[in-house]
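Hi everyone, thanks for making time for this. I'd like to walk you through one structure, a few spots at a time, so please have the viewer open.

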Amino acid sequence: MGATRNPMLPVMLCGLSLFSLVMIGGNILAVLPADVSIWAVLSPQAGATEEILLHYTLLPRIVVALMAGAALGVAGSILQRVLRNPLAEPATLGVSAGSYLTLTIATLWFPFAASAAAEWVALAGAALALAAILGLSWRKGLSPATVTLSGMIVSLYCGAASAVLMLFNHDFLTGIYLWGAGYLDQQDWSGVVFLAPRLLAAIAVAALIQRPLALLALDDSNARSLGLNIEVFRLLSLLIAAVIIAVVTAAVGVISFIGLAVPALARATGARSPGREMVWSAVFGALVLVATDQCVQALPVTYRLFPTGAVTALMGAPLLLVLVRRLKSLSPPAMTGITQARRLMRPWTVIAVAALALAIAVFLSVFAGRGPSGWHVMTAPEGLYSMRTIRSVAAVAGGAMLALAGAILQRMTGNPLGSPEVLGVSSGAMLGIIAATLSATAVSRGLQISAGAVGAGITLAFIMALAHKGDFQGDRLLLIGVTLSSISGFVMAVLMAAQDPRLDQLLAWMSGSTYAVREQEAIAAVALLAAGLAVGALLRRWLEILPLGETVALSQGVSLRSATAILLLLSAVLTAAATILVGPLSFAGLMGPHLARLAGFQRPAPHLLASALIGGAILLGAEWLGRNVIFPYQIPAGLLATVVGGPFLLLLIGRRL
């Protein structure tokens with residue numbers, strides 16, 4: 001395992017171990033009668049209810065938590081090294097989302113399979129998701145950039161498809177949501193029997209590829225010069241990580257935060273080599289998950305209200321924020337595999353044509369649609385024209401602002417996972433709106449906007465304070481945003497588990513809805529978008545220099561701290577405005593910049609404008625389809641954008657990257 005000189009490691013290890021033991025002992029003693037020996041739990045007597053309860057529920061739950069936490073830590077460490085990205089985690093491969101989608105489908109249409117063989121249904125979904133990612137990435141030798149993008153799109157697509165099914169079948173799928181939030185409840189030792197042999201085999205293979213993992217973190221040319229068959233070992237590493245994630249997900253649901261945070265904690269406390277990082281990731285993962293789960297069981301309310309996966313993110317976030325300053329970046333940046341796309345010879349001509357096409361699309365979305373009498377063109381009353389205009393303009397402005405923010409973040413950090421929702425500001429706006437919805441008797445649109453603005457502002461101030469204090473750059477900045485986003489994930493998990501009747505309104509907004517937008521808001525959004533484009537054009541030199549590194553930036557007279565702070569502020573303002581307007585829309589903000597780059601827009605100014613146009617077009621098309629395809633019912637634009645646009649982008653990436 002090797003020792004490390006970092007004094008934080010023994011302190012963290014002893015602290016987590018002691019806390020876990022205290023919580024386990026307290027939970028056992030709280031149930032075990034005073035006159036019964038604790039050793040009776042290991043061999044319960046027939047008729048002794050407390051002993052049986054502890055033997056068949058608490059003990060297997062502890063063992064499952066230890067195994068799942070350790071396994072997810074190892075999987076996260078492997079992924080972050082293979083993909084050269086400290087933001088890589090179980091959700092990055094799309095395996096967890098594939099399991100979730102297949103279980104959702106089975107619950108609705110094949111309930112016997114969902115109840116009798118849930119683990120195998122989940123594993124089948126994970127296998128299909130992984131097969132799609134590997135198929136798309138194979139032509140490029142499973143390059144980190146291609147695998148990362150393909151995995152994120154598969155994850156978004158499966159998540160959006162599951163959300164659509166959840167939106168229309170909420171009452172039937174509550175149990176699936178509880179499982180998906182990380183639910184460690186055990187009724188016997190079958191979960192341990194399911195996990196143990198599969199995880200031991202996968203981790204044993206992972207232990208044999210420590211040296212290839214160290215080489216995979218290098219540039220491809222350097223790794224090949226050292227005699228490594230990159231494609232073979234990259235495939236093997238991805239398969240090992242995917243098997244671990246799939247097995248854990250099938251047994252206990254989705255607990256992604258462990259795979260994201262624990263390897264970062266291991267590196268921050270001194271682990272450098274792949275073997276040492278995997279070992280300490282396994283140790284920290286096991287301790288963090290079992291400690292969190294024991295805290296959940298010790299709460300004075302029923303633990304079913306608080307899924308362990310969501311609570312893990314909430315409790316682990318402060319620890320990661322404290323240690324993120326020590327995090328060592330993984331290099332080279334993952335964007336290197338994407339920037340080789342062809343460059344357009346006349347980008348501004350293409351942008352002008354695209355802008356005209358978008359204007360025509362807005363016109364058609366207003367005057368062409370479906371009504372009670374079927375499809376029609378220019379036959380609707382004036383009031384309907386006005387409503388369609390507002391929704392169409394809001395969709396374009398919201399999608400464009402998110403894509404513009406995503407383009408700035410991806411260029412600033414050099415990370416293909418950089419997107420508005422990763423920044424954390426949209427989560428702050430979400431928490432503000434959730435708080436207003438739960439605390440007010442009547443929630444007006446003005447109250448929602450005000451609450452969202454306050455939440456986004458507080459989150460932005462917190463991020464800026466951390467960034468200024470620690471001089472965080474690139475991936476560290478995004479890691480802070482991901483950590484802060486875990487809080488909103490916890491709140492939504494609790495609301496879903498509690499089946500709060502006010503949840504339907506929140507789900508519609510979170511799915512990316514233009515239903516409630518008013519005329520003044522749409523006009524303000526257009527004005528803010530124009531201002532953002534103007535400021536982005538003025539800062540185009542920074543966006544071209546920052547990805548080249550700190551040394552080049554300083555040689556060109558660019559203050560890294562000032563440039564990062566200003567660009568971060570611009571991205572955050574655009575993200576907050578779009579989130580408050582139409583909700584958190586992952587697809588447009590993440591994929592608009594990638595589509596623009598794949599189309600050949602490489603320089604900062606045309607890339608920003610093209611990203612905005614593509615993001616606006618994505619959401620406009622989704623908004624039009626959402627209100628027409630199943631009329632009189634409507635599908636939120638954010639979900640439909642991912643469901644419809646995901647396969648198209650996967651096909652494009654498979655052909656171009």
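Let's start at a strand pairing: Gly371 has Gly374 in β2 as its bridge partner. One thing to say early is that this is a predicted model. Back to the strands. β1 covers residues 368–371 and β2 covers residues 374–377, and the two pair in the antiparallel sense over four bridges. The connection from β1 to β2 is a hairpin, made through two residues.

Now go to helix α15, which spans residues 347–367. Two phenylalanines sit in α15, Phe363 and Phe367, four residues apart, or about one turn of the helix. How many aromatic pairs does the model have in total? The count comes to four. Phe363 and Phe367 form an aromatic pair with 4.7 Å centre to centre and 40 degrees between the planes, which makes the pair tilted. Phe363 counts as partly exposed because its relative accessibility is 44%.

On to charges. The number of salt bridges is nine, and I'll show you some of them. Glu521 and Arg518 form a salt bridge whose closest N and O atoms are 2.9 Å apart. Is Glu521 buried or exposed? Glu521 is buried, because its relative accessible area is 11%. Arg518, on the other hand, is partly exposed at 41% relative accessibility.

Next, please click on Glu544 and Arg603, whose side chains meet in a salt bridge at 2.8 Å, N to O. Glu544 belongs to helix α23 (residues 540–545), while Arg603 is in the loop between α26 (586–598) and α27 (604–628), so the salt bridge ties together parts that are 59 residues apart in sequence. Glu544 is partly exposed, with 35% relative accessibility, and Arg603 is also partly exposed, with a relative accessible area of 42%.

Staying with helix α27, we have Glu623 and Arg627, four residues apart and so separated by about one helical turn. They form a salt bridge too, with the closest N and O atoms 3.0 Å apart. Where does that put the two residues in terms of burial? Glu623 is buried, with a relative accessible area of 2%. Arg627 is buried as well, at 7%. If you are thinking about how to treat charges, this is a pair to have on screen.

There is also a network of salt bridges, and Arg61, Asp185 and Asp293 are the residues it links. Arg61 turns up again when we look at Gln186. You'll find Gln186 in the loop between α7 (174–180) and α8 (190–207). At a relative accessible area of 7%, Gln186 is buried. Which residues does Gln186 contact, leaving aside its neighbours within four places in sequence? They are Tyr56, Thr57, Pro60, Arg61, Val64, Gly191 and Val252.

Let me pick out two helix residues next. Ala286 is placed in helix α13 (residues 274–298). With 11% relative accessibility, Ala286 counts as buried, because the cut-off for that is under 20%. Outside its neighbours within four places in sequence, Ala286 is in contact with Ala65, Leu66, Gly69 and Ala70. For another distance, take Ile258: it is 28 residues from Ala286 along the chain, and their C-alpha atoms are separated by 9.1 Å.

The other helix residue is Leu528, in helix α22 (residues 519–538). Leu528 is partly exposed, at 27% relative accessibility. Not counting residues up to four places away in sequence, Leu528 touches Met401, Val573, Leu574 and Ala577. Met401 is 127 residues from Leu528 along the chain, yet the C-alpha atoms of the two are separated by 8.4 Å.

Last stop, the surface. Phe168, Val629, Ile630 and Tyr633 make a nonpolar surface patch of about 390 Å². Phe168 is in helix α6, which runs over residues 144–168. At 42% relative accessibility, Phe168 counts as partly exposed.

That's the tour. If you go back to one place, I'd suggest α27, where Glu623 and Arg627 are four residues apart and form a salt bridge. Thanks for listening, and I'm happy to take questions.

Key. Residues are numbered from 1 along each chain as its sequence is written. This is a predicted model: local features need pLDDT of at least 70, side-chain atom pairs count only at pLDDT 80 or more; totals for chains, interfaces and linings use all residues. Side-chain values use heavy atoms; hydrogens and water are left out. Buried means under 20% relative accessible area, exposed over 50%, partly exposed in between (1.4 Å probe, protein chains only). Contact means heavy atoms within 4.5 Å. Rings of Phe, Tyr and Trp (its six-membered ring) pair if their centres lie within 6.5 Å; planes under 30 degrees apart count as stacked, over 60 as edge-to-face and the rest as tilted. A salt bridge is a side-chain nitrogen of Lys or Arg within 4 Å of a carboxyl oxygen of Asp or Glu. Patches are made of residues with over 30% relative accessible area and no salt bridge: like charges are joined within 9 Å, nonpolar side chains (Val, Leu, Ile, Met, Phe, Trp, Tyr) within 5 Å. Accessible areas come from the Shrake-Rupley method with a 1.4 Å probe; for residues, only the protein chains shown count as cover. Two strands pair if DSSP finds at least two bridges between them.
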